[in-house]
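I opened my notebook for a look through this structure. Here are my entries, in the order in which I looked things up.

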Protein chains: 2
Amino acid sequence: METEVKHLEPVKKTGLTVVITGNGKGKTTSALGIALRAVGHGMKVCFIQFMKGDIHSGELDSIKRLAPEAEMHVMGKGFCGIMGDPYKFSEHREDAQKAIALAKEKITSGAYGVVILDEINNSLKLKLVDLPQVLDLIDGKPPLLHLVLTGRDAHPEVKKRADTVSEIVEIKHAFQQGIEPQKGIDY
Amino acid sequence: METEVKHLEPVKKTGLTVVITGNGKGKTTSALGIALRAVGHGMKVCFIQFMKGDIHSGELDSIKRLAPEAEMHVMGKGFCGIMGDPYKFSEHREDAQKAIALAKEKITSGAYGVVILDEINNSLKLKLVDLPQVLDLIDGKPPLLHLVLTGRDAHPEVKKRADTVSEIVEIKHAFQQGIEPQKGIDY
């Protein structure tokens, strides 16, 4: 027998700043889950990917399923600074700066219940964006907007300003046993 | 300028066993993200909730957005053994046993690319299901099926059998500052 589900509303509604960080798998996945659940509640969601892009992104196809309530913007070239990266630092930074401008526009528009800045923590760590720019997004958000910032190496000042911080720790990964990334789990 | 996304397929396809555990927020959320992404890849998903039920579940509404490729079964009464729980242990166990039977049926059906057993780790910890039952599900899964087991306190034997294990650690939570659970983030 399946169970009926009721909903309770909080007495005081608040927009939360949530940081999802750590070296483990599941930060972007968790953000996708937030998007799915928020759309289920009838909220509008804006998902901006700061870094990923070139390879292994099923995210774009999946978020289309949530249109028009959710929209995704993939802004980065992906994999900045790692082996085989064909782009200059200045090109990565230019993309990230465009992503910051878009984030600012979306956050302050008042049109969304949730804005997700995926991999923005990495962008900050790699100096593609600057700390004051990220803090400005947090400090300038509408009171009821939930703002989600993902990516490893979250800056201490960003964590300090967040209401909720989760760290995903990799205990074990299939890669370590020589298993390639698998569709449906790894991308 | 937004970036075009390409897809690469692994040479050797494998169905992974993934454990998402830890005391932090985001285990079920991460599983919802897996469901969303898998549906984006055209895979069929079965999501079985072992424990939750009574309060604060936007999950049911959201997963409906992914029908018919994704289906959700909420099997538990929720919040076993905590203050105010009106049900007997035997009633919780009966529900969990039905969930195990359903999981076995879905896993062995061959009809799904991903099966998610949400909060099964807690069910095992609370003795609503038994270790051999959970190991039997893992050992008996079709080779290409991804099996995802979530919930805090994952059993060491379950983690041992998994390909990928992520632990979500709570660094900070809005509850601690007296903020009620908020729609779109906490449920």
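By what turn and what shift along the axis can chain B be laid on chain A? I keep in mind that this is a predicted model. I found a turn of 180° with a shift of 0.0 Å along the axis, and the RMSD came out as 0.0 Å. The two copies are therefore related as by a two-fold rotation axis. I then looked at the contact residues: 100% of those of chain B recur in chain A, so the same surface serves both copies.

Next entry: the cis peptide bonds. In chain A, I found one that joins A:Ala67 and A:Pro68, with omega at about 0°. I placed A:Pro68 in the loop between helix 2 (59–64) and strand 3 (70–74) of chain A. In chain B, a cis peptide bond joins B:Ala67 and B:Pro68, and here I noted an omega of about 5°. For B:Pro68, I wrote down the loop between helix 2 (59–64) and strand 3 (70–74) of chain B.

Then I turned to backbone angles. Which residue other than glycine has a positive phi near 65°? It is A:Lys127. I traced A:Lys127 to the loop between helix 4 (120–125) and helix 5 (131–139) of chain A. Is A:Lys127 buried or exposed? With a relative accessible area of 58%, A:Lys127 is exposed, as the cut-off for that is over 50%.

On chain B, I stopped at B:Glu119, another residue that is not glycine, and its phi is positive too, near 70°. B:Glu119 sits in the loop between strand 4 (114–118) and helix 4 (120–125) of chain B. Its relative accessible area is 9%, and buried means under 20%, so I entered B:Glu119 as buried.

My last stop was B:Leu135, which I found in helix 5 (residues 131–139) of chain B. At a relative accessible area of 12%, B:Leu135 is buried. What does B:Leu135 touch, leaving aside residues up to four places away in sequence? I listed B:Glu157, B:Val158 and B:Arg161. I also checked B:Leu135 against B:Ile20, which is 115 residues apart from it along the chain. The C-alpha atoms of B:Leu135 and B:Ile20 are separated by 16 Å.

Conventions
Residues are numbered from 1 along each chain as its sequence is written. Chains are lettered from A and ligands numbered from 1 in the order in which they are written. This is a predicted model: local features need pLDDT of at least 70, side-chain atom pairs count only at pLDDT 80 or more; totals for chains, interfaces and linings use all residues. Side-chain values use heavy atoms; hydrogens and water are left out. Copies are superposed by least squares on the C-alpha atoms of residues with pLDDT of at least 70 in both. Contact means heavy atoms within 4.5 Å. Helices (H or I, at least four residues) and strands (E, at least two) are DSSP runs, numbered from the N terminus. Buried means under 20% relative accessible area, exposed over 50%, partly exposed in between (1.4 Å probe, protein chains only).
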